[in-house]
Amino acid sequence: MKLHDGGVYLLHGTELAEENPIGAAEAKKGTMAYGILKAHNTSDSMTDLKIKFDALTSHDITYVGIIQTARASGLEKFPLPYILTNCHNSLCAVGGTINEDDHMFGLTAAKKYGGVYVPPMQAVIHQYAREMLAGGGKMILGSDSHTRYGALGTMAMGEGGPELVKQLLNRTYDIKMPGVVAVYLTGDVQPGVGPQDIALAIIGAVFKNGYVKNKVMEFVGPGVKNLSMDYRIGVDVMTTETTCLSSIWTTDAKTEEYLAIHGRPEDYKELEPADVAYYDGCIEIDLGTIKPMIALPYHPSMAFTIDEVNADPYDFLKATEERAKVSFGDKVKVDLVSKIHNGKIQVDQGIIAGCAGGGFENICDAADILRGKSIGSGAFTLNVYPASMPIFKELVKNGVFSDLIETGAVIKTAFCGPCFGAGDTPANNAFSIRHSTRNFPNREGSKVQEGQISSVALMDARSIAATAANKGILTSAQEYTGDYTKPKYFFDSQIYANRVFDSHGVADPDTELQLGPNIKDWPNMAELPENLLLKVVSEIHDPVTTTDELIPSGETSSYRSNPLRLASFALSRKDPAYVGRAKEVQKGEKAIEEGKDPVQAVPEVGAVAETVRGAFADMDFSNTGIGSTIFAVKPGDGSAREQAASCQKVLGGWANIANEYATKRYRSNLINWGMLPFLFAGDDKELPFANGDWLFIPGVKKAVEEKAPEISAYTVRDGKLEKFALTLGDLTDDEREIITDGCLINYYRKHQV
């Protein structure tokens with residue numbers, strides 16, 4: 001794999017060159033991404049884009065909050081197709097009636113506002129979109145980070161809920177024209193190598209260096225035609241883990257056949273770059289060099305070949321244990337070395353699931369490896385989740401599920417639970433291998449705060465099957481020398497016709513929303529005051545902080561519709577004292593809102609304010625807000641979930657301070673919830689403040705409004721003020737107004753949308 005140091009030209013879709021007479025500025029217009037973005041841009045500038053999407057998708061952890069936000073902002077009808085799937089809060093026994101209440105809210109919302117409702121266990125969100133929605137030249141916005149349909153010719157993006165709210169209110173998705181990086185494929189995959197292997201190899205090469213961060217990955221080159229659609233889809237969905245903005249692939253006869261199989265031949269569009277296209281970077285990959293891969297805990301970028309790990313298991317697992325200390329400290333003991341028996345790694349669990357692993361071809365190839373064998377009667381288990389009921393039905397019809405069941409594997413329905421900790425949580429200190437999207441700390445559902453830890457490695461379905469056939473001994477699929485049967489897929493659309501509610505865009509305003517007792521409105525949020533007095537209530541020095549660490553995934557899923565209840569889980573895995581600290585500070589702001597003396601509520605504010613007035617005599621609590629902030633080196637990797645930001649805001653947070661933000665979507669979530677996305681340029685080991693310090697930021701509202709390039713802040717410590725500098729990075733005019741209004745809801749109320 002080769003990463004080019006600079007930009008490249010692609011000629012006739014096949015030849016790479018470093019120079020071309022047409023010039024980079026003009027040739028940039030030759031990318032597929034440029035053409036799709038131009039077709040969806042409503043501004044008169046191709047530098048500052050204002051995008052309107054063709055459709056929206058959400059699942060049952062996100063759609064309640066989105067629709068509640070849009071309702072509070074004046075929603076009357078969905079102005080574009082909006083698909084509400086139910087693949088996350090599917091286990092309705094969890095939390096009593098809470099999850100099914102959310103589903104009934106979704107069904108009545110689809111009827112009231114004119115949407116599409118996909119009942120639980122019918123399909124995971126992204127498989128339904130592939131089967132029924134995506135098509136050539138389209139753009140789709142989803143409230144799930146793995147919203148990626150590039151293999152079907154659709155530029156799709158995963159964002160926090162407020163960005164979908166903007167589309168529901170006929171607003172736009174505003175971004176600078178992103179860079180575009182070519183992924184130039186040649187050759188063909190070796191037997192036993194699956195799409196997850198290709199994806200992990202790419203992630204391992206580009207995540208740490210930010211090569212594609214916030215850019216579009218454009219898959220081109222002669223190797224594309226050698227990949228089946230399931231392979232392309234499997235690679236494409238994992239591009240999210242590179243921190244790219246979106247993806248797009250050239251389309252061909254295989255794409256056309258896929259859409260025809262799914263009853264939508266009219267959605268095919270031939271896509272390819274112009275004769276001369278310029279890319280801001282290029283990843284060259286000879287598919288024939290890719291080997292079966294494993295991403296060791298606790299990140300998809302910790303990617304190595306399985307052969308490498310098996311050749312030196314102690315060093316690899318010991319290094320993983322050392323990395324675990326960064327996230328867990330001494331809270332738990334990670335003991336992976338104990339998994340080595342007679343020089344081989346014994347894993348405890350295999351999972352093939354979801355939008356990445358649950359595809360037809362993945363499961364069929366896994367069955368070929370396992371057919372006639374047994375996973376054994378020991379601790380090792382294997383669970384298989386097809387990505388949709390149409391796939392499930394076909395695997396029943398062609399006998400694949402029968403073969404898998406004979407081996408000891410368990411077949412389950414379409415559900416995203418194993419990917420975010422709501423299903424198949426392993427035993428304490430267990431080691432799980434999964435063809436799913438993420439393996440972040442605690443992503444599998446273990447709870448460090450209760451002394452439990454388990455670890456997940458990502459692998460392709462084929463190597464998981466080879467491991468299962470070997471009774472849980474870590475095994476590369478290339479050790480399987482048999483044939484792959486590659487059965488043909490037949491899609492049955494009647495399954496959805498019988499169960500999915502589709503309004504066909506017709507709203508019924510007389511439908512009453514069904515609101516369960518756990519579905520709560522967002523609390524009122526104040527406008528940004530002239531000055532801010534912030535207490536640092538958490539300080540995180542991990543190289544990267546995931547959204548799972550900012551707000552946990554699995555155990556919180558039942559409370560995503562209840563902002564106050566959900567906020568009690570904020571940072572619970574990373575800093576359990578955070579919520580209590582934030583609530584103590586919030587008492588001061590609540591006192592101000594009630595016309596009371598904040599010093600009575602938060603006594604330490606008195607001395608802090610007195611120190612501030614020594615230099616800023618006009619500071620008082622009529623012009624100064626009280627709130628909290630956190631510092632993290634690089635927060636926001638992973639999920640698009642807006643709650644990573646909104647929970648902080650609900651608890652009185654006014655800002656994050658970071659060296660950089662891991663993803664655009666997390667920074668956007670902060671902004672949309674009225675939180676200042678501060679940047680600090682200094683070394684995180686030499687911060688001018690510490691956890692527990694108070695910060696004073698004078699004139700912050702004016703600085704935001706007037707686009708100040710730098711904002712002065714002061715640490716209030718020992719009766720003195722210590723000055724340091726913060727910046728906000730690029731903000732659109734709308735984003736500045738959203739921040740000063742206090743949140744997106746306030747912004748829309750103000751503008752009477």
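Me: Buried means under 20% relative accessible area, exposed means over 50%, and partly exposed is in between. What share of the 753 residues in the protein chain is buried?

Reply: This is a predicted model, and in it 64% of the 753 residues are buried.

Me: What makes the radius of gyration of the protein chain agree with a compact globule?

Reply: Set the two values side by side. A compact globule with 753 residues would come out near 27 Å, and the protein chain has 26 Å, so the two agree. Along the principal axes, the C-alpha atoms fill a box of roughly 80 × 60 × 60 Å. Within that chain there are 28 helices and 34 strands.

Me: Why is helix α6 called mostly covered?

Reply: Just count its residues: eight of the eight in α6 (residues 161-168) are buried. Among them are P162, E163 and K166. After α6 comes N170, with a positive phi near 65 degrees.

Me: How do you know that E361 and K486 form a salt bridge?

Reply: The cut-off is a Lys or Arg side-chain nitrogen within 4 Å of a carboxyl oxygen of Asp or Glu. For E361 and K486 the closest N and O atoms are 2.6 Å apart, so the pair meets the 4 Å limit. E361 lies in helix α13 (residues 360-370) and K486 in the loop between α17 (461-469) and α18 (494-499), so the bridge ties together parts that are 125 residues apart in sequence. A network of salt bridges links these two with D365, D460 and R462. Searching the whole structure turns up 38 salt bridges.

Me: Is E361 buried or exposed, and why?

Reply: Buried, because its relative accessibility is 14% and the limit is under 20%.

Me: Then why does K486 count as partly exposed?

Reply: K486 has 40% relative accessibility, which puts the residue in between the 20% and 50% cut-offs. K486 also has a positive phi, near 50 degrees, although it is a residue other than glycine.

Me: What makes K750 and E737 a salt bridge?

Reply: Their N to O distance is 3.7 Å, so the pair falls within 4 Å. K750 sits in helix α28 (residues 744-750) and E737 in helix α27 (residues 733-741), so parts 13 residues apart in sequence are tied together. K750 also meets D741 in a salt bridge, at 3.2 Å.

Me: How exposed are K750, E737 and D741?

Reply: K750 is exposed because it has 51% relative accessibility, and the cut-off is over 50%. E737, with 24%, is partly exposed. D741 is buried, with 4%.

Me: What makes the surface patch with E270 negative?

Reply: Its members are E256, E270, E272 and D275, and Asp and Glu count as negative. E270 is placed in the loop between α9 (253-261) and β14 (276-279). At 53% relative accessibility, E270 counts as exposed.

Me: Why is N429 called buried?

Reply: N429 has a relative accessible area of 18%, so it is under the 20% cut-off. N429 is in the loop between α16 (417-420) and β23 (431-435). Its phi is positive, about 65 degrees, although it is not a glycine.

Me: Which residues does a cis peptide bond join?

Reply: P297 and Y298, with omega about 15 degrees. Y298 is in the loop between β16 (293-295) and β17 (303-305).

How values were computed:
Residues are numbered from 1 along each chain as its sequence is written. This is a predicted model: local features need pLDDT of at least 70, side-chain atom pairs count only at pLDDT 80 or more; totals for chains, interfaces and linings use all residues. Side-chain values use heavy atoms; hydrogens and water are left out. Patches are made of residues with over 30% relative accessible area and no salt bridge: like charges are joined within 9 Å, nonpolar side chains (Val, Leu, Ile, Met, Phe, Trp, Tyr) within 5 Å. Accessible areas come from the Shrake-Rupley method with a 1.4 Å probe; for residues, only the protein chains shown count as cover. The place of a charge is taken as NZ of Lys, CZ of Arg, CG of Asp or CD of Glu. Helices (H or I, at least four residues) and strands (E, at least two) are DSSP runs, numbered from the N terminus. Buried means under 20% relative accessible area, exposed over 50%, partly exposed in between (1.4 Å probe, protein chains only). The radius of gyration is taken over C-alpha atoms; the globule rule is 2.2 Å times the number of residues to the power 0.38.
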